[in-house]
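Please open the model in your viewer and keep the selection tool at hand, as this tour goes from one selection to the next and says what is there.

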There are 2 protein chains.
Amino acid sequence: MTQNINPTPAKLESTNPSKSFVSHLEGAIDGEHLPSNQIQTLHNDRPIWVRYDLEAIKASCSPKTFVNRESSMWRYRELLPPAPDDTLISLGEGMSPLLPCLKLAETFGLSDLWIKDESQLPTGSFKSRGLAMAVTMAHKFDITQMAIPTAGNAGGALAAYAARAGMEAFVFMPADTSIINQEECQLYGAKLYLVEGLINVCGAIVKAGKEKVGWFDMSTLKEPYRIEGKKTMGLELAEQFNWSLPDVILYPTGGGTGLIGIWKAFNELRELGWLTDSKMPRMVSVQSDGCCPIVRAFEKGERHAEPFPNAKTIASGIRVPAAVGDFMILDAIMESNGTALAVDENEIRNWQELGARASGIALCPETAACVGALESLSTSGWIKKNERVVIFNTGASQKYPTVNAKTPPTIKSADEIDWSQFTK
Amino acid sequence: MTQNINPTPAKLESTNPSKSFVSHLEGAIDGEHLPSNQIQTLHNDRPIWVRYDLEAIKASCSPKTFVNRESSMWRYRELLPPAPDDTLISLGEGMSPLLPCLKLAETFGLSDLWIKDESQLPTGSFKSRGLAMAVTMAHKFDITQMAIPTAGNAGGALAAYAARAGMEAFVFMPADTSIINQEECQLYGAKLYLVEGLINVCGAIVKAGKEKVGWFDMSTLKEPYRIEGKKTMGLELAEQFNWSLPDVILYPTGGGTGLIGIWKAFNELRELGWLTDSKMPRMVSVQSDGCCPIVRAFEKGERHAEPFPNAKTIASGIRVPAAVGDFMILDAIMESNGTALAVDENEIRNWQELGARASGIALCPETAACVGALESLSTSGWIKKNERVVIFNTGASQKYPTVNAKTPPTIKSADEIDWSQFTK
């Protein structure tokens with residue numbers, strides 16, 4: 001195993017951080033057991049679950065175990081793939097703030113709305129959770145070159161963790177992706193290609209690179225560990241609410257790993273008996289009507305989604321016309337008595353302003369779509385006035401330039417200001 | 001007092017959060033005592049310190065008190081101006097990761113280098129600490145309109161906290177400030193003006209607004225509380241190193257409040273007797289040779305700095321030609337046996353790449369200047385091989401577009417890639 005040249009602070013105080021509670025890996029489409037002591041990708045062209053020996057975890061720790069641990073996603077290491085302190089490829093990701101948003105709640109006649117702010121993670125998005133975990137595992141399995149198709153933020157995150165680990169990253173993103181995403185990849189030294197096509201075209205190029213030169217394919221859900229990193233959003237939410245879950249969760253859905261991971265976390269916590277009551281949240285998958293394959297499949301009652309033609313949305317993270325884990329997303333929605341909702345693409349900018357101004361949080365366009373969904377679902381009564389609702393802010397608004405650009409006035413001195421407009 | 005419409009999660013478990021340990025305010029230039037029960041600005045045109053009853057703090061809490069508190073800067077509330085839970089204007093700021101950077105250390109022949117990553121704060125910069133504290137206090141004193149001159153990030157942070165508090169913000173920034181800073185202000189609903197001139201011209205406009213229409217002047221060091229928020233960087237660092245301080249701290253210096261606040265924190269901790277040894281760090285103020293008023297004053301052995309003519313640097317946060325707290329910065333450097341150093345403006349981009357690639361951290365150009373200073377000071381022997389060194393990454397590289405822009409290749413499919421270049 002390669003030496004990690006940027007070690008983690010190692011303050012996790014785990015009882016035994018290198019002990020593995022993973023029982024096996026499991027093909028998500030057919031339940032077949034697969035060994036966890038070797039690198040895995042897809043199984044029968046579909047994703048792989050990581051499964052744990054929950055009885056052994058229960059015997060080894062409890063919710064109280066985590067209280068004094070470092071404030072990062074690694075505090076839950078018994079519930080993650082095994083990674084001793086000196087093998088973690090970490091930038092301190094996780095334990096993002098869970099912020100009450102009363103004013104925004106009141107806008108929609110609600111009273112108990114929270115936003116979990118993932119913009120405060122390394123590289124400014126929730127993507128760092130999945131990639132911290134996946135890069136840690138790839139590094140452990142002696143992978144040295146990784147490639148990723150990305151709508152933007154995942155590429156930046158992979159570039160960061162690859163740099164930290166001393167590994168090579170190849171990033172493929174649509175040519176019109178935010179300049180911020182392009183530049184962060186370049187700053188970290190990743191090899192960046194712009195692609196005339198959407199994320200599925202990027203994915204095909206990565207697949208070719210895997211076959212031709214042996215790149216490891218870091219596409220979402222094409223290896224088992226990104227889900228486990230994203231799962232920590234659900235673990236944190238449970239701990240932050242004192243191990244009781246909210247009524248409704250709204251999550252913007254592109255590739256779907258965030259929603260899938262959160263739902264997996266809740267199920268593991270339920271099986272562990274760590275939740276203080278039996279309530280499970282209703283999961284809401286939010287897309288733009290400019291790209292809503294999951295919503296269409298949900299409406300038709302299907303378990304797999306047709307590729308969405310001519311996908312178009314300013315919320316680049318959910319501009320994903322086809323998802324390899326479609327059935328995992330749709331299963332989570334169904335199991336949770338949730339729903340899937342496409343919002344008006346043309347209103348996303350307005351919801352972004354409305355949400356940021358009412359909450360102070362740097363809402364990205366994908367989360368703005370969730371604000372739109374909140375408006376619909378509270379108006380229709382699907383969400384009730386006193387229900388506890390959580391929206392995840394999956395990234396920083398600052399990574400999406402020109403989405404809301406307006407030209408401000410330019411002045412040279414105080415003399416150019418008409419002060420009378422301000423006198424109260 | 002106005003009702004805070006976006007309350008904080010209130011998980012701080014303070015013994016008595018509304019108890020004040022502030023003894024008095026104090027003019028920094030003459031030591032005159034000033035009352036803390038009314039809003040304060042400057043005293044004799046110079047900044048004001050907040051002073052505490054350290055004996056009372058000592059009697060009320062100890063380092064162990066903080067262990068189980070929420071992972072934010074508010075965990076240190078006994079050492080902050082009094083603000084009961086329901087009055088905090090908070091976005092969950094603070095407890096940023098302290099990351100070991102062995103590879104970057106080795107580049108300069110060092111062995112114990114850490115970066116405290118302030119890019120993982122609300123709005124992606126350390127500015128959120130000072131403004132969370134200052135807006136909380138302004139809100140408490142029933143201020144409703146605040147104005148700020150900014151190099152960029154402070155304006156974005158003020159806009160965010162003003163939105164959260166339901167207050168009005170007026171932001172003045174140089175016309176060539178990053179589009180990201182412009183847009184975050186607009187997204188949050190702040191009134192933004194671009195100014196043909198540097199931050200001192202912006203400051204003059206805010207001063208005019210204060211006189212003409214009564215805006216509260218949120219300029220750095222022109223009210224007493226931003227320092228206290230920034231002080232938490234020093235408190236966190238001490239706690240993260242188990243209450244022992246490093247040998248050297250490098251901090252990029254614009255207005256200087258960060259460095260001043262950190263040094264204030266260390267002195268308070270020393271007086272409290274909470275440090276495990278008597279070592280105090282040598283504070284290094286880092287500027288670009290395109291704008292280095294503090295370095296020039298330090299080299300001349302003066303306590304006040306001349307305004308720097310024709311200030312020019314891509315590190316916009318340190319493009320501050322004159323600082324009202326110059327003597328406070330220079331005092332901290334002198335008291336700590338530190339130094340002040342100007343680095344080559346033309347090398348900042350290279351240091352940014354070097355640092356980001358070796359650490360995985362989204363280093364901003366201001367922090368890149370500190371990487372340059374690290375190179376100089378380790379080469380000269382001023383920093384010794386085994387000394388523990390900390391650099392603060394004051395903001396996210398992602399907020400500085402085009403600083404490192406290069407044009408990546410654009411392709412349509414895998415066929416356009418010359419795979420032979422990658423074959424290992």
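Begin by selecting helix α5 of chain B, together with what covers its buried residues: this includes α5 (179-187) and α11 (348-359) of chain A, along with α4 (153-165), β7 (168-174) and β8 (191-195) of chain B. Helices here (H or I, at least four residues) and strands (E, at least two) are DSSP runs, numbered from the N terminus. Buried means under 20% relative accessible area, exposed means over 50%, and partly exposed lies in between, with a 1.4 Å probe and protein chains only.

Before going further, note that this is a predicted model, in which local features need pLDDT of at least 70 and side-chain atom pairs count only at pLDDT 80 or more, while totals for chains, interfaces and linings use all residues. Residues are numbered from 1 along each chain as its sequence is written, chains are lettered from A and ligands numbered from 1 in the order in which they are written, and side-chain values use heavy atoms, with hydrogens and water left out.

Why is α5(B) described as largely enclosed by the rest of the structure? Of its 9 residues, 8 are buried, and therefore the helix is largely enclosed; among the buried ones you can select I180(B), E183(B), C185(B) and L187(B). At the N-terminal end, select S178(B), which caps the helix, with a side-chain oxygen 3.0 Å from the backbone nitrogen of I180(B). Just after the helix, G189(B) takes a positive phi of about 85 degrees.

Next, select A163(B), which is found in helix α4 of chain B and is buried, with a relative accessible area of 6%. Leaving aside its neighbours within four places in sequence, A163(B) is in contact (heavy atoms within 4.5 Å) with A356(A), R357(A), G360(A) and Y188(B). If you also select E196(B), 33 residues apart from A163(B) along the chain, you will find the two C-alpha atoms separated by 26 Å.

Now show both chains in full. Chain B can be laid on chain A with an RMSD of 0.0 Å by a turn of 180 degrees and a shift of 0.0 Å along the axis, and the two copies are thus related as by a two-fold rotation axis. Copies are superposed by least squares on the C-alpha atoms of residues with pLDDT of at least 70 in both. Which residue of chain B comes closest to the rotation axis? Select Q120(B), whose C-alpha lies at 2.4 Å from that axis. The copies meet through the same surface, because 100% of the interface residues of chain B are also interface residues in chain A.

The following selections are charged pairs. Side chains of opposite charge can pair when their charged atoms come close. A salt bridge is a side-chain nitrogen of Lys or Arg within 4 Å of a carboxyl oxygen of Asp or Glu, and by this rule the count comes to 42 over all chains.

Select D176(A) and R319(A), whose side chains meet in a salt bridge of 2.9 Å, N to O. This pair links distant parts of the chain, 143 residues apart, with D176(A) in the loop between β7 and α5 of chain A and R319(A) in the loop between α9 (293-300) and α10 (326-335) of chain A. Is each partner buried or exposed? D176(A) is exposed, with a relative accessible area of 55%, whereas R319(A) is buried, with 11%.

For a pair within one helix, select E268(A) and K264(A), which meet in a salt bridge of 2.6 Å, N to O, and which both lie in helix α8 (residues 257-272) of chain A, 4 residues apart, about one turn of the helix. E268(A) is buried at 7% relative accessible area, and K264(A) also counts as buried, at 5%. Then select K116(A), E118(A), R129(A) and E236(A), which are linked in a network of salt bridges.

Finish with a sheet of chain A, in which 6 strands form an open sheet in the order β4-β5-β13-β10-β11-β12, with mixed pairing. Its edge strands are β4 (98-100) and β12 (339-343), each of which pairs on one side only. Two strands pair if DSSP finds at least two bridges between them. Within the sheet, select β10 (residues 248-252) and β11 (residues 282-288) of chain A, which pair in the parallel sense over 5 bridges.

Technical notes
A polar contact is a pair of N or O atoms within 3.5 Å; within protein, one must be able to donate a hydrogen and the other to accept it, and residues adjacent in sequence count only if both atoms are side-chain atoms.
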